[in-house]
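Visitor: I should like to take a close look at a single part of this structure. Please guide me through it step by step.

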Amino acid sequence: MHDQRDENAVEHGTSSPILIAAAWALVMIPLAWGLLSTLQKALLLFP
Amino acid sequence: MSFLDKNNIIAKPGHSRWLVPPAALCVHLCIGQAYAFSVFNLPLTRVLGVTESLPADWELTTLGWIFSLSMVFLGLSAAFCGSWLERVGPRKAMFTAACCFGSGFLLSAIGVWTHLVWLIYLGYGVLGGIGLGIGYISPVKTLITWFPDRPGMATGMAIMGFGGGAMIGAPLAVGLMKYYSSPESVGVAATFVTMGIIYFIFMCIGATIVRIPRKGWKPAGFVEEKQPQKLVTRNHVDVNQAMKTPQFYLLWFVLFLNVTAGIGVLGQASAMSQEMMPGAIEAAAAAGFVGLLSLFNMGGRFAWASVSDYIGRKNTYIIFFVLGMALYALVPGTAAIGSVFLYVLCYCVIISMYGGGFSTIPAYLKDIFGTMHVGAIHGRLLTAWSAAGIMGPVLVNYIRAAQIDAGVDPAQAYTVTMYIMVGLLLIGLICNLCVKAVDAKHHYEDASDRDRGNTETAKPMEG
């Protein structure tokens, strides 16, 4: 498994890491916002 | 429209597969908004009166059909568009989903402006529902072929997005309605237009990013096990042939029963928690309980599907059913002793397994039927979701009503339902235990089809 991950890392080098990070940020930022909003509501359960 | 063609989205050598999950999430985070549609219900009952409902305003019962219609068309479009999706590839499917979902919002906005509810039925219910169905299944096969080493984790990431979509959709809709509301308007129509445009753009970004692997592509260093596990096939089964196998129907019931057990609770969570724990859980805390359940619904989709890569799909479902039975049996007891923590904990785990059931099923289908038509087979299996969407809430609501009519205290009115859920999960467990490898007579005859991914579609076996 360890070797497999290392080799994948080599292969991923050809796609721009900035592009990969931007793609993940695009989906993670709204998700994090939604998560935070839900967590704030959920905290009301345990005052 | 060559930009959308399947041949134009084959990844070049060195393309990172880690760009594919965000593409899938772009779609699933949008369509997951469907679970948050209820935030529009109350404002829609005041479209004419604004501050209070007028006699000519829509009733809640009339509006309830919007969500129900969208769920029915989700199941139908997933079932009927699966084979088309296999043919045209994920980009065209995602773009079609974006057009349907986005235009569904726009048509609904016209429905609100003109106060014609059938336009909202047609818009969000029919068009939006078709967008939901196509969007839901469009990235599944693509992810499985990009992640043959971790198919559960890959589909879990996308389907987690569907759970997370409600968390974004609800506060976004509430915020927009607040922004657009005025003494003359509740702001729903303008919110529909804004959300339709935002979701269309976001889904189109996903369609632009998505790529399919070239034929025979494997992740670097990935070697298929020489001796595959008993329930993991290297063969493929055509979608129509899959419908002739007992495995398809067993898995249909596995999904149906797992979803039925969870969806009834999700739909009634707020009222049920207040009735089962009177005094301990009030309205505000109940809203928090619903929020917590949606968090576990989302987290369970990723966590359980990832776990299934290590312990196997069949074992994962065995855990869902056995643990689910134990927890449903425990719930009335936790309510009786007044332990909010234990009550909430039981339901959070139950709902995590409800979400996990959705995200683990694509990888289960891939194990049993191979990757060739897994998207189409998954689409047809999703009719179980539509059926459970009717069955689950009916079970919870009607049995509760019958119990209260019989004079049972509201705090105990759900006890019978919980025990019925235990029975349903037991049937699900038996169905899951009966799942065996598909008979070789159903396999695709061409041995070269073993490496088929997204780039080609095989011809059906004759005879």
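Guide: What follows is an account of the largest nonpolar core and of the two domains that contribute to it. The model is predicted. This core has 152 residues, and the members that touch the most others are B:Leu44, B:Tyr328, B:Tyr343, B:Tyr347 and B:Phe369. The element that gives the most to the core is helix H13 of chain B, residues 340–369, with 16 residues. Domain 1 (2–209) and domain 2 (239–451) of chain B each supply at least three residues to this core.

One of the residues named above, B:Tyr343, merits attention. Apart from its neighbours within four places in sequence, B:Tyr343 is in contact with three methionines, B:Met272, B:Met276 and B:Met277. Its other contacts of this kind are B:Ser273, B:Ile281, B:Phe289, B:Val331, B:Thr334 and B:Ala335.

We may now turn to the two domains into which chain B is divided, domain 1 and domain 2. Their C-alpha centres lie 23 Å apart. To the contact between them, domain 1 of chain B brings 29 residues and domain 2 of chain B brings 32 residues. The size of an interface is often expressed as the accessible area lost when the parts come together. Between domain 1 and domain 2 of chain B, the buried area is about 2,600 Å², and carbon and sulfur atoms give 70% of it. The count of salt bridges between these two domains of chain B is 0.

Note on methods: Residues are numbered from 1 along each chain as its sequence is written. Chains are lettered from A and ligands numbered from 1 in the order in which they are written. This is a predicted model: local features need pLDDT of at least 70, side-chain atom pairs count only at pLDDT 80 or more; totals for chains, interfaces and linings use all residues. Side-chain values use heavy atoms; hydrogens and water are left out. A nonpolar core is a set of buried Ala, Val, Leu, Ile, Met, Phe, Trp, Tyr and Cys residues joined through side-chain atoms within 4.5 Å. Buried means under 20% relative accessible area, exposed over 50%, partly exposed in between (1.4 Å probe, protein chains only). Helices (H or I, at least four residues) and strands (E, at least two) are DSSP runs, numbered from the N terminus. Domain bounds come from an automatic or database domain assignment. Contact means heavy atoms within 4.5 Å. Buried area is the accessible area (1.4 Å probe) that two parts lose on being put together, summed over both. A salt bridge is a side-chain nitrogen of Lys or Arg within 4 Å of a carboxyl oxygen of Asp or Glu.
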